[in-house]
Amino acid sequence: MNYYAGLDVSLEGTAICVVDGAGLIVNEVRASSEPEALIAALKAIDVPLERIGLEACSLTAWLHDGLRDAGLHAICIETRQANAAMKTMPNKTDRNDARALAQIMRTGWFRAVHVKSRQSRLWRSLLVARRTLLNERRAIENVVRAVLREAGFKLGRPSCAAFAGRVRELAGDDPTVRSIVEPLLAVLATMLEQLARLTKQALAITRREEVCRRLMSVPGVGPITALAFRATIDRPERFRRSRDVGAHLGLTPTRYQSGETDIVGRISRCGDELARTALYEAAHSLLVRSRKWSALRAWGMKIGKARGMARARVAVARKLAVILHRMW
């Protein structure tokens with residue numbers, strides 16, 4: 001008889017439920033959320049496990065790799081499908097969630113999620129750290145602007161390098177304003193230094209990666225976009241068609257169809273936000289900043305004239321995803 005396991009993973013502990021082919025519960029245990037502890041708990045149950053299901057979360061990749069290395073058939077499943085099954089339980093508990101995951105494994109009603117390689121996960125972590133510094137830098141700059149406006153000063157749009165000097169010039173000898181903005185400017189200086197450090201790391205990786213250098217030959221695609229796409233896709237052969245990449249990154253419209261109702265909505269925004277944002281920025285650069293002619297830019301500008309530049313950017317971002325995958 002075949003047996004199936006469901007693992008409901010939390011930060012400290014994991015609820016484990018094992019069911020047989022008929023759906024009857026064989027064993028329920030709880031173990032620490034560590035690969036070694038989970039392997040020991042599953043092997044102690046001493047039944048041949050056909051499939052082991054984990055819901056996608058921040059620990060999933062680490063645990064999945066550990067279970068796979070131990071010879072266990074671990075599968076990461078899509079969160080939305082897992083949540084749909086878990087909602088059938090009247091009470092939300094870790095134990096019930098593990099039972100639902102075990103039944104999903106038994107029935108085969110799941111969609112396996114690709115677990116990226118460790119290298120791709122590290123590259124993405126680098127890009128997320130860099131993006132976080134960029135966002136926080138903008139937030140602090142906006143706070144400085146607000147402080148100056150309260151004192152009657154309009155900062156304007158100085159460059160990043162001239163920002164601190166312009167703020168100190170406007171604040172002048174006002175002790176109250178200077179005492180507020182100086183700590184913020186000190187934080188900004190540190191953030192700019194570390195941002196440059198992370199950017200340098202990303203550029204060094206891009207120079208070493210042959211795939212990234214090839215992707216950068218596309219108009220509008222720079223090192224950050226190339227590395228984000230490389231880290232997100234990880235293995236291009238997992239997509240049967242290149243146009244599936246646009247849907248995977250949430251750049252295709254949603255649709256609601258029932259009877260005589262058929263509504264095409266906005267883009268789904270599913271998938272990796274980092275890669276989607278990078279492609280959108282690349283599309284903006286191609287359409288607005290680039291002055292070099294290309295067939296892709298001409299196609300995007302034609303859409304922009306007919307339906308607006310916002311939709312043109314999304315369309316070009318989706319087309320870029322397809323082209324980059326095909327080139328790879």
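Biologist: How many nonpolar, polar and charged residues are in the lining of the second largest pocket?
Modeller: By class there are 14 nonpolar, seven polar and 11 charged (Asp, Glu, Lys and Arg; nonpolar is Ala, Val, Leu, Ile, Met, Phe, Trp, Tyr, Cys and Pro, polar the others). Bear in mind that this is a predicted model, where local features need pLDDT of at least 70 and side-chain atom pairs pLDDT 80 or more, while totals for chains, interfaces and linings use all residues. Numbering runs from 1 along each chain as its sequence is written, and side-chain values use heavy atoms, without hydrogens and water.

Biologist: Which residues lie nearest the centre of that second largest pocket?
Modeller: Arg 276, Thr 277, Tyr 280, Glu 281 and Val 314, out of 32 lining residues (atom within 4 Å of a point on a 1 Å grid; a pocket is an open set with protein on both sides within 12 Å along at least five of seven lines). Helix 5, helix 9, strand 7 (261–267), helix 11 (273–289), helix 12 (295–307) and helix 13 (309–327) each give two or more residues to this lining.

Biologist: And which helix gives the most there?
Modeller: Helix 11, with nine residues (helices are DSSP runs of H or I, at least four residues; strands are E, at least two).

Biologist: Switching over, how much space lies in the largest pocket?
Modeller: About 1,200 Å³ (the space filled by probe spheres set on the points). Ala 56, Val 113, His 114, Lys 116 and His 248 are the closest to its centre, among 29 lining residues. Helix 2 (60–69), helix 3 (79–86), helix 5 and helix 10 (244–248) each supply two or more.

Biologist: What about classes in the largest pocket's lining?
Modeller: That lining has 11 nonpolar, nine polar and nine charged residues.

Note on methods
On a 1 Å grid over the protein atoms alone, a cavity is a set of points where a 1.4 Å probe fits but cannot get out, and a pocket is an open set with protein on both sides within 12 Å along at least five of seven lines; lining residues have an atom within 4 Å of a point.
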